Amino acid sequence: MERHIDDSKDLVVAYRTLAEHRILDAYGHVSMRHPERADRFLMSRALAPELVTVDDIMEFDLESQPVDRQGRDLYSERFIHGEVYKARPDVRAVVHNHSPTLVPFSITPDVTIKPVSAVTSFIGLGVPTFEIRDFRPGHDMRITDNALGRDLAGVVGDKPAALMRGHGAVIVAKDIPTVVAWSVYLEVAAVQLMQAMQIAGPGGRVVTLYDDEVAAVQKRQEFSRPWNLFRTRTLRRIADEG
């Protein structure tokens, strides 16, 4: 039970951290695979991320149905999480956001988001774009059932993230510290790449990481330092809330 509480606390930290960095606003969500049952995952009830507490964390099966709903509201796009966990046994944490910085890259198919620095090197592993019209034309853009969740998971494939055209992004990783860091640094890359493109001007050259540099960084990269910082700051703010 104590471990379960600690895991839920880390999930709350993820919600609050991504809200602080304006990657999540009133919408978006984070989940983690259940630490003891690979066929379940944990995420909050439907709530603005900045307001999530341990008491809001719920357990879901991989059909994205709550184990014990207790009348609580659910995120309409929870199916993203269940279907990613089905498709990717290696994934233990998922973020879905509506990042205002990433959306422009999702609607400009001739401009690809690329890794601009070592902390953004994971982007070099590939960030495809999910075009919902390829699967369900005329839909309201949300991933509201398992079928669309499977379609999105298929586009993610073995990559760390995917953009969603006119919608946002999904980021997947081996644990909460990594998925939070990747979400933050994906945002950083989008901002810095836009800035570099503006400086370079039309037809100007922007030099991003080469494939061999991406591979070299991936061999040694981990995110314990930013996670410790994020966690310390967030738990301090929660304590100050009383």
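**Notes on the fold, one point at a time**

1. Let's start with a single residue: V91 has a relative accessible area of 1%, so V91 is buried. Keep in mind while you look that this is a predicted model. V91 sits in the loop between α2 and β4. Not every loop residue ends up like this, as point 7 shows.

2. What does V91 touch, leaving aside its neighbours within four places in sequence? The list is R33, V84, Y85, V172 and A173. Two of these names, V84 and Y85, turn up again among the buried residues of α2. For a sense of distance, try L47: it lies 44 residues from V91 along the chain, and the two C-alpha atoms are separated by 24 Å.

3. Now zoom out to the whole chain. How many helices and strands are there? The count is seven helices and seven strands. Walk along the sequence and you meet them in the order α-β-β-β-α-β-α-β-α-β-β-α-α-α. The radius of gyration is 18 Å, close to the 18 Å that the globule rule gives for 242 residues, so the chain is as compact as a globular protein of that length.

4. A few more whole-chain numbers are worth jotting down. The C-alpha trace spans about 55 × 45 × 30 Å along its principal axes. Of the 242 residues, 47% count as buried. The accessible surface comes to about 11800 Å², and carbon and sulfur atoms account for 50% of that. If you take contacts between residues at least 6 apart in sequence, 65% of them join residues at least 24 apart.

5. Is helix α2 enclosed or open? Seven of its nine residues (the helix runs over residues 79-87) are buried, so α2 is largely enclosed by the rest of the structure. The buried ones are F79, I80, H81, G82, E83, V84 and Y85. Notice that E83 and H81 are on that list along with F79 and I80. And what does the covering? The cover includes the strands β1 (29-33), β2 (40-44), β4 (93-97), β6 and β7 (168-173), and also helix α4. Try finding each of those around α2 in the viewer.

6. Next, a pair of helices. Two packed helices are described by the angle between their axes and the distance between the axes. For α5 (residues 176-200) and α7 (residues 224-240), the angle is about 90° and the axes are 9 Å apart. The two helices are therefore roughly perpendicular to each other. On the α5 side the contact is made by I176, P177, V180, V184 and Y185, and on the α7 side by P226, W227 and F230. Sorted by class, that contact has eight nonpolar residues, with no polar and no charged ones.

7. P177 deserves its own look. It belongs to helix α5, and its relative accessibility is 23%, so P177 counts as partly exposed. Not counting residues up to four places away in sequence, P177 touches F223 and W227. L193 is 16 residues from P177 along the chain, with 24 Å between their C-alpha atoms. For contrast, go to D158 in the loop between α4 (146-156) and β6 (161-164). With 60% relative accessibility, D158 counts as exposed. D158 and D90 are 68 residues apart along the chain, yet their C-alpha atoms are separated by 9.6 Å.

8. L51 is another loop residue to check, this one between β2 and β3. Is L51 buried or exposed? Its relative accessible area is 51%, so L51 is exposed. Its contacts, leaving aside neighbours within four places in sequence, are R16 and D56. A19 is 32 residues away from L51 in sequence and 9.3 Å away in space, C-alpha to C-alpha.

9. Last, two residues with backbone angles to look up. Which residue other than glycine has a phi near 65°? That is S64, and the value is positive. S64 is in the loop between β3 (57-61) and α2, and at 0% relative accessibility it counts as buried. M141 is not a glycine either, and has a positive phi of about 85°. You'll find M141 in the loop between β5 (129-130) and α4. With a relative accessible area of 24%, M141 is partly exposed.

How values were computed:
Residues numbered from 1 in each chain as written. Predicted model: local features only at pLDDT ≥ 70, side-chain atom pairs only at ≥ 80, totals over all residues. Heavy atoms only, no water. Axes fitted to C-alpha atoms, helices over the stretch in contact; angles between N-to-C directions. Helix = DSSP H or I, 4+ residues; strand = E, 2+ residues; numbered from the N terminus. Parallel < 35°, antiparallel > 145°, perpendicular 65-115°, else oblique. Contact = heavy atoms within 4.5 Å. Nonpolar A, V, L, I, M, F, W, Y, C, P; charged D, E, K, R; others polar. Rg over C-alpha atoms; globule rule 2.2 N^0.38 Å. Buried < 20%, exposed > 50% of the residue type's maximum accessible area, 1.4 Å probe, protein only. Areas by Shrake-Rupley, 256 points an atom, 1.4 Å probe, with all protein chains shown as cover.
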